[in-house]
Each structure stands twice: as structure tokens, then as C-alpha cells.
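Let's walk through this model together, beginning with its cysteines and then moving on to a ligand and a pocket.

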Amino acid sequence: MKKPEWHLRAGEDREVFATLLVKIYQALKPAVNIYDGILAMEGQGPGKSGVPREVGVIVGSGNAMAADRVISEMLGVGPDMVLTNRTALEQGAETGEIRIDGDLPRVENFRFPEMAPMAFGPKIVHGFMRRHLVQRPECDNSECRLCGECWEYCPAKAITHDKKIHFNYDKCIRCYCCIEVCPHAALRAVETMTGKVARKVLKIK
Ligand code: SF4
Ligand code: SF4
């Protein structure tokens, strides 16, 4: 199953999605994990809507859980602040003793994406919250070339097109795969007005 289809199944709930990622990792157990951080991305990714930042680091490890924890520290966040790291520990993923060979710089003021509220409270209101609180994809029509990558890839079939593209925000699950695949940087995740207010009230950074 492709990544967007997993998003469709589990994408509304961060904890479910984090558990899914950890389970996939545990099932596949890659022998080596390589992280290319020579030119990293910060800010509101994915894809071209983030901002490239030169970090100049490549990390390799036989244990992705250990590497994720080390990289979190390198970027200045406590490893347990990252949901997949926490979930991995809860799921019994072992990091073993972590030993670092080589130099790992401390990256100052790395900008993470804003965390918009996803869903909380009774399940019955989650659909409403997703539609009104969560950042949604928008298109800059002056950049869009109608290449079709986004609507081909969208797991919810939420994108239609005529002379420009249109989103069905009732169907859209906010997985942002379209932003990730757009080769022309025409798409961005944009916060809704109600989402902005909710973030302030809930004090979500
Ligand atoms: S992938 Fe980007 S350029 Fe292509 S149709 Fe979608 S928004 Fe337009
Ligand atoms: S429109 Fe974009 S964000 Fe919404 S479901 Fe489709 S791929 Fe995901």
C-alpha cells in the first residue's frame, strides 16, 4: 500500500499514524538508515513550500530509533517531544546504548512546522474540526502548470481541475501529499482563520 493510502486510513490521528510508522519500521528492520541533512528543510514543508537550510550533516545508523533521538537533540528538541520517538519507546523499540562516531553539530534556531490542531474531543466532531481548524492545501494558480501530479497522488480524490485546480475540503484529509509531490511549488498549507484562533486559545506553537 502506498503512503497516501496509509494517510487515508490513519492520517487524521497523529498517534495512530506514528504507531503505524513505528510498526512498519519494526516489520522491515532496515539494516542501515541514512539521513541526508546536507541541505535540510525547515519551516512549513513538505516539498518546496519549506525553506532549504544548509546543515551539512549525513547521519548513518543501524538503528533508526537511535538516530532519530540523536537528530532530535541536534536540532534542539528533547527526543521525547517527537511523537514517533515516544511511540517507539512505548512500542518496545530498542535503541541500545547510543554511541556517536564523528562530529554532530548543534543546530541553533531550527524552525519546525507549526502544529495545527488535528482532532480532539468526541469523534463525532472530528470531521468538523478537520474542515475548520486544520491547515488546508491551497494553490497559487500563477505557479500551477496543471501537470496532474497532485490529483493523481491525492488519496482522498479531493482535487479536481478545469482551467485550474479545485479542492474539495470536505473530502480532503489534510495529508499534504499533494504539496509534497507538486514539482512547481504551487501548493502550500494555509491556516484557516478558526485554526489560528484555536491555536492561540489552546496555546499550540
Ligand atoms: S502538482 Fe502542482 S503544478 Fe501540478 S497540477 Fe498540482 S498544483 Fe498544479
Ligand atoms: S488534497 Fe492534498 S492534503 Fe487533501 S487529501 Fe488530497 S493530497 Fe491530501
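A disulfide is counted here when two cysteine sulfur atoms lie within 2.5 Å of each other. Keep in mind that you are looking at a predicted model. How many disulfides does this rule give? The count comes to zero.

Two cysteines are worth finding on your screen. C154 has a relative accessible area of 9%, and C182 has a relative accessibility of 12%. Buried means under 20% relative accessible area, so C154 counts as buried, and C182 is therefore buried too.

C154 also leads us to ligand 2, since it is one of the residues around that ligand. Other cysteines in this shell are C172, C175 and C178. Around ligand 2 you will also find P137, P155, A156, I159, F167, I173, R174 and Y176. By class, the shell has 11 nonpolar residues, no polar ones and one charged residue.

Now turn to the second largest pocket, which has a volume of about 310 Å³. Its lining is made up of 17 residues, and the closest to the pocket centre are V59, G60, R99, I100 and D101. Which elements give two or more residues to this lining? They are β2, spanning 51–61, and α3, spanning 64–74. The largest share comes from β2, with five residues.

What is the chemical character of the lining of the second largest pocket? Its residues divide into nine nonpolar, four polar and four charged. For a side-by-side view, set that beside the shell of ligand 2, with its 11 nonpolar, no polar and one charged residues.

Note on methods:
Residues numbered from 1 in each chain as written. Chains lettered and ligands numbered in written order. Predicted model: local features only at pLDDT ≥ 70, side-chain atom pairs only at ≥ 80, totals over all residues. Heavy atoms only, no water. 1 Å grid on protein atoms, 1.4 Å probe; cavity = no way out; pocket = protein on both sides within 12 Å on 5 of 7 lines; lining within 4 Å. Points joined across faces, edges and corners; volume = space filled by probe spheres on them. Helix = DSSP H or I, 4+ residues; strand = E, 2+ residues; numbered from the N terminus. Nonpolar A, V, L, I, M, F, W, Y, C, P; charged D, E, K, R; others polar. Near = heavy atom within 4 Å. Buried < 20%, exposed > 50% of the residue type's maximum accessible area, 1.4 Å probe, protein only.
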